Structure formats: C-alpha cells, structure tokens
Amino acid sequence: MSGKRRIAVTVNGTRYEREVEPRLLLGDFLRSELDLTGTHFGCEHGICGACTVILNGDSVRACLVFAVQADGGEVLTVEGLGSVEALHPLQQAFHEHHGLQCGYCTPGMLMTALDLIRKHGRLTEAAVRAGISGNLCRCTGYQNIVTAICAAAAAMQSGEPAGDA
Amino acid sequence: MREELRPKLVGARVKRVEDPRLLTGQGSFADDYRPAGMVHVALLRSAYPHARLLRIDTAAARSMAGVVAVFTGDELAEAARPMVATSKMKDYRATAMPMLARGKVRYVGEPVAAVVAASRYIAEDAARRINVDYAPLPAASDPLRAAEASAPLLHEEVRSNIVLSREFARGDAAAAMAAAPLRVGARFRFRRKAVLALENRCYLGDYHRGRRELTLYSATQVPGIVRDALSELMAMPEHLIRVVAADVGGGFGGKASVYPEELLVAVLARRLGRPVKYASDRLEDLLSTSQAFDEIVDAELGVANDGTIAALTAEVVGDVGAYSIYPWTAALEPVQVVSFLPGPYRMPNYRGRVRGVATPKAPLGPYRGVGRPVAAFVMERLIDMAARRLGIDPLAMRRQNFVAAEEFPYRTGSGIIWDRAGFAECLTAVRVALDYDALRRWQKEARAAGRWIGIGFASYAELTGIGSKIPAAPGMPVNTGTETATLRIDPSGSVTAIFGVASHGQGLETTLAQVVADELGVRLEDVRIVQGDTAGRAYTTGTYASRSAVLAGGAGKLAAAALREKVLRAAAHLLEAHVDDLVAEGSRVAIRGTDRSLSFREIARSVYLQFGRMPPELQEELEATKLYDPQFGTTSSATHAAVVEIDPETFDVRVLRYVVAEDCGRVINPMIVDGQVHGGVAQGIGAALLEELVYDGEGQLLSGSLMDYLVPSAAEIPPMEVIHIEAESPTTLGGFRGMGEGGTIGAPAAIANAVTDALAPLGIEVTELPVTPERLYRLVEAARRKE
C-alpha cells in the first residue's frame with residue numbers, strides 16, 4: 001500500500017508523469033489525477049463496462065487495471081475521441097440514432113464499439129449485440145446503440161459521415 | 001403562413017441538445033465535481049439484519065494518517081432530525097429512519113458509522129478498522145412470517161411489523177364471485193428486485209461558513225424534495241440551501257427518495273466546513289438503494305361464460321423492508337398494486353386488500369411503474385387463465401372487457417378515473433403489426449416440430465401527469481401536482497427557461513425546448529433549458545411518476561404564451577403596428593403580410609437598453625412565470641406483445657419479437673418516446689426473466705454483485721417495434737400524456753403470458769417472476785411428474 005511508484009502514461013496523446021500508489025485503479029488515476037472525468041465507474045468489478053478505455057490498442061476495464069500497469073503505455077479515453085465542436089463519426093452516429101439517454105454508460109460503450117470496429121470493420125447486428133454484451137445500459141434497451149454502432153462501422157469503413165437516420 | 005400551418009417542433013424527431021456534452025465525456029455527474037479541499041466519506045454498514053449495537057470503537061480508525069474524522073449515529077444525534085415519512089392514510093404506522101443507526105440495526109447494509117478522509121481509499125481502510133460489538137436479535141426475513149403476531153418486532157414502538165393496510169371495494173365482490181360460472185385464481189409472486197441505475201448514488205455537500213450556504217450536488221431525481229427535506233431535518237431556511245442535479249446517470253425511481261447518505265454529507269459539510277463527498281459502490285447500491293416489487297398476491301377472477309368479467313378479489317402482502325422510504329412512505333408500492341389491479345377493464349365488483357410488512361431488508365421504494373408492473377402481471381395472467389379455460393382468444397377477451405369509448409371518463413373499481421384513451425386502438429394496432437392469425441399458424445407448425453414457442457399479451461392503463469388533487473403516494477402530505485416555468489429573454493435575445501424538473505436521461509432539455517420554442521415563436525437553438533437545480537425556484541419537486549412532459553410541458557406552454565404577449569406588445573410599439581397584426585416566428589416578430597420585422601434580439605435590446613424611451617406601460621422585463629396544475633392527471637395506456645422461445649434443455653427464454661402500441665397522447669419527440677419505450681421494455685424483460693435480489697431466511701443478501709444480480713445485456717434484448725397511437729389527452733395542456741414508465745409495466749406480464757403460452761401443452765401456469773431457468777425447470781419437471 002505504501003511506497004508510491006513513479007509512472008509515465010500517455011493519455012489521449014499527452015504524456016503524464018505521476019507518483020501513484022500501486023493500488024490506484026487506472027480509472028481513479030484518470031478521474032482524480034488527470035481530471036478526465038469522462039470515464040465513469042459503474043460496478044468496480046468488471047461487469048458493467050462503463051469504465052472501458054483503450055489501453056495499448058485493446059479495450060480494458062479501468063476498474064480492473066491498476067494505474068501502474070499502464071506505465072509506459074498509451075491510453076485513449078472518451079475525451080480523446082472527438083469534441084463537442086467536432087464529434088467523432090462514432091459519437092455522431094450515437095447522436096443521430098439516439099444511442100444514449102442518461103449518458104453514463106456512453107463513454108464505455110463508445111470505447112468498446114471503437115475497439116470492435118477497429119478490429120472487425122463492418123459489423124452485423126448480431127456481432128454488435130455480442131460485442132457489446134459486456135457493456136450494460138439501463139436506459140436505451142440497446143436497440144438504438146446497436147443501430148448507431150452498425151451505422152458508424154459502415155461510415156468509418158467507407159469514410160462517409162454516419163448518415164442521417 | 002398561417003400560424004397553424006407553420007412547421008412545428010412539437011412532434012418532430014429533434015436530435016437531443018444534451019448529447020454532445022455526454023458523448024464527449026463533458027457531462028457533470030455528481031462524482032465529477034471535485035472542489036478544492038474536498039474530503040471523502042466511507043461508510044461502515046451493518047453486517048447483521050437485526051442486532052443491538054452494544055459498542056462502536058472508532059479509536060483505531062481515527063488514528064490513521066489521512067483520516068479527518070469518524071462519526072457514529074450517537075455522535076451526530078443532534079445534527080439532524082431522523083427522517084419520518086408521514087401519511088394521512090388510515091392504518092399507516094410511521095417509523096423513523098436514522099441517518100446513522102442508533103441503538104440497533106435493522107438491515108444488512110444499514111449505515112452504522114462514517115469515516116471522513118483525504119481519499120476514498122483511506123476512508124475505506126479506516127472503516128474496516130472500526131470495531132462494532134453487535135448483539136444479534138432474531139429476525140423474520142420472510143414477509144408472511146414477519147406478519148405473524150409472534151414474529152420479532154423491527155420497530156418496537158409501533159408494536160407490529162404490519163405497518164400499513166388498506167382496502168378498496170366496489171359492488172359486492174364476494175357475492176358476484178360466488179355466482180360466477182368460472183373462477184380462476186392463484187397465488188402470484190413477484191420477487192424483490194433492484195432499481196439499478198448505472199450511476200451509483202453519489203452526493204457532494206459544500207458548505208460556505210461565511211455565507212452559511214449549503215450546496216448539495218446530488219445524483220437525485222428530486223432536487224426540490226431534497227432541498228425541502230434538508231431544510232426541515234437540518235433546521236436551515238431554504239434560501240440558504242441549493243440542490244444541484246446536473247447530469248444524473250439514470251434514476252428509474254431509485255433516486256426519487258431522500259437518502260440518509262444525502263443528509264449525512266450535508267451535515268458533515270456543515271460541521272467540517274469543507275466539501276464532503278460520498279460515492280456509493282455497486283455492492284452498497286444493491287444493499288441500500290430503495291428496492292422494488294416483492295409482493296405476494298392471492299387473486300381470483302370471476303367470469304361469465306361469454307368471457308365478461310364479473311368480479312375480482314385480491315389479498316396482497318408487500319414486503320416493505322426495514323424503513324418507510326422518505327417522503328413516499330412504505331405504502332407507495334404495495335397500495336398501488338391494489339389500486340391499479342382492475343386495469344383498463346370494466347370491473348363491476350372489486351375488493352382488493354393490502355398489507356405492508358416490515359422486514360430486515362433495504363427499504364422498498366418507487367421503481368419505474370410503481371405497483372403497476374405487479375398489478376399488470378397478476379391481472380393479465382388472470383385474463384389469460386380465464387380465456388384459456390373458456391376457449392376464447394386472449395386478445396378478444398381483453399377487447400371485450402376494455403372500458404369502451406363511450407364509457408370514458410370511467411371510474412375504476414379502486415376509484416381511479418380513466419379519461420378518454422386509446423385502449424382498443426392500441427390492441428388493434430398490435431394485432432395488425434403481428435399479423436396475428438399468420439403468427440398463430442406459424443406457432444402451431446413450430447409446436448408440431450417440437451419447439452416451445454409462446455405468444456403473450458399485456459394491456460394496461462396508468463395514471464400519469466398527476467395534478468394536485470391526487471397525492472402521488474397514498475396520503476402523502478407533499479404536493480407533487482404542480483410545476484412552474486420561468487421564461488426570460490435577455491438583451492441578446494436568447495431565451496432561458498427555468499424548470500423544477502430534473503432530467504436523468506429523458507432528454508427534457510430537448511423536449512421542453514421544443515414546447516417552449518413553438519409557443520414563443522423562437523428557434524430551438526435560442527432556448528436554453530435550465531433544470532435539475534433548485535436555485536431560482538420557490539417550490540419544486542423533480543422528475544418521477546411520468547409527470548415531466550405533462551406538468552413542465554404545460555407550465556412551459558403557459559409561460560411562453562405570457563412572454564410572447566409581452567414581446568408582441570413591445571414589438572407593436574417599436575414597429576408602430578397593432579398587436580393583432582403581429583406574428584412571432586423563428587425568433588422574429590413580423591407584421592403579417594409585410595416584410596417589416598424585428599428580431600427578438602432587437603426587441604430585447606430596445607426594451608432593456610433604451611428603457612427610458614419605452615412608454616410606462618411597456619417598462620417591464622421580458623420575463624414570465626406560470627404555474628401549471630393538471631388537477632387530476634391523465635391516462636396512458638398500451639398493449640404489449642411478446643413472442644418467446646424456450647430452450648427445452650437449458651430452459652433459457654429467448655424473446656424473439658416484441659411489439660408495443662402505446663398511447664401517450666400528443667408525442668413531443670417520437671425518437672425520445674421510442675427510446676423511453678425501448679428502455680422500459682428492456683427493464684421489464686429483465687424483471688421477468690433475470691433480475692432478483694435474493695435474501696436468505698436471516699436477511700443476508702446473496703446477490704450483492706452484478707455476477708449474481710443479472711441485468712439484461714444487448715444479447716438478451718430483442719429489437720422492438722413501437723407504434724404510437726396519438727389519442728390527445730382531453731385533460732392536459734398540449735394533449736400530452738406521461739410515458740416514462742409504461743414499458744416496464746407491460747413487459748413482465750407479456751413475457752409471463754408468452755412463457756405460459758409456450759408451455760400450454762404441459763398445462764403450466766407462470767405465477768412467479770422472475771421466471772428463471774431454474775423455476776421453469778421445476779415447473780416443467782412437476783408437470784411431467786403429474787402426467
């Protein structure tokens with residue numbers, strides 16, 4: 001518990017060096033140390049997927065990874081995806097297709113979807129449903145999330161914006 | 001263009017204004033605030049369901065580095081009054097809920113001591129070093145056992161665990177039942193479930209010692225109710241208290257009550273003079289957030305040979321948990337089961353009795369649908385049981401017994417009034433969407449091939465947008481029937497619309513802007529909706545009970561109309577025109593039939609900046625405040641249809657198809673209504689098949705993680721078809737009806753009927769939810785043994 005470790009993590013393209021306790025979760029590191037509060041905790045035991053971020057090219061749950069495990073690594077969070085002024089095609093698709101309500105699961109859902117699309121390209125509805133089955137949403141009944149991810153996958157493959165609904 | 005021909009925002013699929021911030025991680029959830037000097041609270045919670053507190057030793061915790069303070073219930077006894085949910089209901093016994101337990105604990109998870117420390121990590125370390133000597137007391141976890149006179153008492157001062165009872169009656173149910181040619185009935189049970197919003201409860205208290213002001217950032221649906229409660233419990237005037245619920249990660253009723261932890265951070269912030277945050281984890285959420293359902297219903301339906309309903313009787317026992325939830329009371333959920341049991345049907349004879357029993361569990365509270373999911377489950381099962389016995393089609397039996405168009409307004413067996421609503425239209429729409437006859441033929445073929453396919457329906461009606469003549473909870477002395485809107489135009493011409501509601505996913509910043517913009521004659525982007533904040537509101541409650549579109553929408557319309565009058569008066573002076581010749585549209589005021597117009601910005605600048613040049617009667621701010629009270633409320637209704645298949649080896653139930661036809665009156669934004677229905681149905685499917693809080697006989701929670709408490713994922717939820725029957729409400733402004741809860745009301749009943757239908761060849765009746773694979777297996781095994 002005691003004995004802080006010095007780590008260096010690149011988050012959304014910016015390199016951060018911090019002294020952290022070995023037990024500090026990556027999610028708490030992002031939220032408390034870096035003020036990146038877009039990554040949300042929902043269960044803190046790896047089931048709900050709300051805290052999903054991309055670490056070294058793979059989606060991980062920020063509640064199951066310690067900050068020290070990300071030492072020397074690259075992290076992408078929702079803040080690194082797009083901005084209010086310029087939404088990423090995936091964010092745009094969620095906006096077009098009403099793929100969010102309260103918005104709490106949304107950052108994790110987006111990062112999981114990004115990982116799916118990057119690794120599989122175009123996606124069928126069944127593949128999306130299976131692919132996001134580790135991300136819980138209580139508001140949407142998933143239908144519009146699935147539609148949004150399929151649309152985003154198609155748009156990102158063809159380089160087109162994620163079309164009107 | 002004539003006013004009525006203008007393109008309207010109300011009714012359009014307008015994309016949500018709240019999306020961009022939420023999509024980019026820029027939301028403001030309670031846990032996202034981290035003011036300078038903030039400290040964290042961790043709670044030591046009871047490990048016992050019922051025990052006397054002999055001694056709490058906090059010395060070791062206090063001595064740890066980074067610990068600011070440790071408090072027990074006794075130490076904070078003078079800091080706030082205990083919460084007591086009162087009711088004018090006869091046969092309701094009020095009990096007090098402490099902020100931190102004093103004397104004894106009454107459920108596993110009840111807060112016992114609080115640690116304040118520099119970080120949540122340190123606070124949790126310290127909480128583990130508090131030693132509590134408990135003297136365990138006997139406890140009756142089973143509500144039927146707890147209702148017995150010999151059961152150990154949870155609250156000695158009320159001398160019974162039966163803390164409430166109520167009866168509704170019409171006609172002579174006993175005689176009509178005795179005379180009915182067909183009687184069907186059963187003991188139904190809907191197990192305890194969690195609300196489970198994805199954001200756990202979180203509260204941040206911030207106290208300014210110089211100004212003696214308290215600000216509470218809260219993951220709440222009801223900032224106004226919380227403000228009133230804090231004022232009363234902490235003896236502070238309300239003008240020194242502000243409650244902010246900026247972005248809230250789902251509520252579904254679980255954040256519609258006032259919680260001990262909410263009061264605690266406010267008390268600690270005042271005592272310590274610095275920001276104090278409590279963020280629940282998921283185990284704490286499952287242990288301590290208000291819980292849902294958990295009723296046992298012995299019900300019987302008497303029917304004539306032609307399928308006409310003659311009588312309904314029901315005895316309900318509700319397990320209300322250890323404390324009466326504030327301010328709704330323990331009566332809210334179980335009493336609504338009996339008040340809504342007769343459903344959308346003509347019911348000449350009815351008797352429904354309910355008892356609420358205190359047990360050592362977290363308090364029962366409001367959950368999406370409140371009582372009606374259980375009522376619909378029981379009533380819709382009874383209808384199907386009768387239809388099957390009589391050889392009548394289940395849709396035909398429903399249709400035949402619906403309150404008919406010419407009978408509205410109709411007083412139900414429990415006294416609720418249904419105004420003109422689209423009961424039959426919804427049912428017909430579902431029938432058509434399903435291509436019902438073809439679907440039944442397909443089912444027959446599939447059955448012949450050995451597949452277990454079932455088709456189930458549920459029809460229901462609910463009261464939404466409730467006004468001041470009806471308390472939202474039985475006998476509750478809090479007015480939930482009004483909503484106020486304040487609209488103001490500033491010198492830049494932009495519009496601020498302030499409401500007391502508190503969106504937690506419903507998209508009210510979009511739908512209320514649509515209503516206001518249409519009525520005021522401005523562009524959507526010129527309207528900013530302020531909500532989820534008590535600042536600037538004299539009286540407000542929040543968002544719950546499917547009220548916000550009806551009440552806030554109505555208040556918004558009234559205030560916008562009043563403000564438009566002011567703008568037109570000013571414009572008439574500036575344009576030297578008659579008010580009747582002016583039209584406000586697209587943030588401009590024009591003289592009809594001419595090209596002469598002024599923008600709202602030009603008008604506002606003239607009013608504010610050249611105030612002295614305005615005639616005295618026009619020297620007024622461009623601001624209007626209006627209150628709206630729909631008096632009684634309105635009726636929302638729907639018919640749901642589910643097609644399911646049961647795997648004969650694993651007893652897994654797959655929902656193959658789901659259709660909803662719903663009547664929420666005039667639709668403000670069809671995209672948002674669809675989303676609300678999808679989400680409600682998904683929760684209802686979870687309730688029907690997966691979600692169960694399992695307590696053992698002693699009151700220990702056995703399903704305290706998301707590995708044990710199963711929430712449906714995208715893989716379990718089917719695509720849904722939603723049809724809108726827009727029968728405009730005759731009783732509300734704008735014709736809106738509430739629609740946030742309906743999905744969850746209909747789905748459990750439809751699934752239960754579909755599963756029963758799938759197993760009809762085995763003669764199985766589903767009477768208990770959730771109908772998990774294990775329960776299905778036992779039902780099937782029992783039926784096979786009988787054969």
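**Exercise 1. The start of a helix**

Which backbone nitrogen does a side-chain oxygen of Ser119(B) reach at the start of helix 3 of chain B?

*Solution.* This is a predicted model, where local features need pLDDT of at least 70, side-chain atom pairs count only at pLDDT 80 or more, and totals for chains, interfaces and linings use all residues. Residues are numbered from 1 along each chain as its sequence is written, chains are lettered from A and ligands numbered from 1 in the order in which they are written, and side-chain values use heavy atoms, with hydrogens and water left out.

Step 1. Find the helix. Helices (H or I, at least four residues) and strands (E, at least two) are DSSP runs, numbered from the N terminus. Helix 3 of chain B covers residues 120-127.

Step 2. Find the contact. The side-chain oxygen of Ser119(B) comes to within 3.2 Å of the backbone nitrogen of Tyr121(B).

Step 3. Check the cover. Buried means under 20% relative accessible area, exposed over 50%, and partly exposed in between (1.4 Å probe, protein chains only). Six of the eight residues of helix 3 are buried. Among them are Arg120(B), Tyr121(B) and Asp125(B).

**Exercise 2. Salt bridges**

Task: locate three salt bridges and say what each pair joins or how exposed its partners are.

*Solution.* Side chains of opposite charge can pair when their charged atoms come close. A salt bridge is a side-chain nitrogen of Lys or Arg within 4 Å of a carboxyl oxygen of Asp or Glu. The whole structure holds 70 salt bridges over all chains.

Step 1. Take Arg31(A) and Asp32(B). Their closest N and O atoms are 2.9 Å apart. Arg31(A) lies in helix 1 (residues 26-33) of chain A and Asp32(B) in the loop between helix 1 (19-23) and strand 1 (39-45) of chain B, so this pair joins two chains. Arg31(A) is buried, at 3% relative accessibility. Asp32(B) is buried too, with 12%.

Step 2. Take Arg45(B) and Glu284(B). Their salt bridge spans 2.8 Å, N to O. Arg45(B) sits in strand 1 and Glu284(B) in helix 8 (residues 282-288), so the pair ties together parts 239 residues apart in sequence. Arg45(B) is buried at 11%. Glu284(B) is buried at 7%.

Step 3. Take Glu148(B) and Arg145(B). These side chains also meet in a salt bridge, at 2.8 Å from N to O. Glu148(B) is partly exposed at 41%. Arg145(B) is partly exposed at 32%.

Step 4. Look for a network. Salt bridges with shared partners join Arg45(B), Arg120(B), Glu124(B), Arg128(B), Arg201(B), Glu261(B) and Glu284(B).

**Exercise 3. A buried charge without a salt bridge**

Where is Glu18(B) in chain B?

*Solution.* Step 1. Glu18(B) belongs to the segment before helix 1 of chain B.

Step 2. Check its partners. Lys and Arg count as positive and Asp and Glu as negative; His and the chain ends are not counted. Glu18(B) is buried but has no salt bridge. Arg16(B), the nearest side chain of opposite charge, is 4.3 Å away.

Step 3. Look at the backbone. A polar atom of the Glu18(B) side chain lies 3.1 Å from the backbone nitrogen of Glu509(B).

**Exercise 4. Unusual backbone geometry**

Task: find two cis peptide bonds and two positive phi angles.

*Solution.* Most residues other than glycine have a negative phi, and most peptide bonds are trans.

Step 1. The bond from Phe408(B) to Pro409(B) is cis, with omega near -10 degrees. Pro409(B) is in the loop between helix 11 (394-401) and strand 18 (410-411).

Step 2. Leu769(B) and Pro770(B) are joined by a cis bond, with omega about 0 degrees. Pro770(B) is in the loop between strand 31 (768-769) and helix 19 (773-786).

Step 3. Arg212(B) is not a glycine, yet its phi is positive, about 55 degrees. Its loop runs between strand 11 (202-208) and strand 12 (213-218). Arg212(B) is exposed at 52%.

Step 4. Ala545(B), also not a glycine, has a positive phi of about 55 degrees. Ala545(B) is partly exposed at 26%.

**Exercise 5. Distances along and across**

How many residues apart in sequence are His573(B) and Leu137(B)?

*Solution.* Step 1. They are 436 residues apart in sequence, and 78 Å apart in space from C-alpha to C-alpha. His573(B) lies in helix 15 (residues 548-575).

Step 2. Turn to Ala661(B) and Glu721(B). They are 60 residues apart along the chain, with 8.3 Å between their C-alpha atoms. Ala661(B) is in strand 29. Ala661(B) is buried at 0%.

Conventions: Polar contact = N/O pair within 3.5 Å; in protein donor to acceptor, adjacent residues only side chain to side chain.
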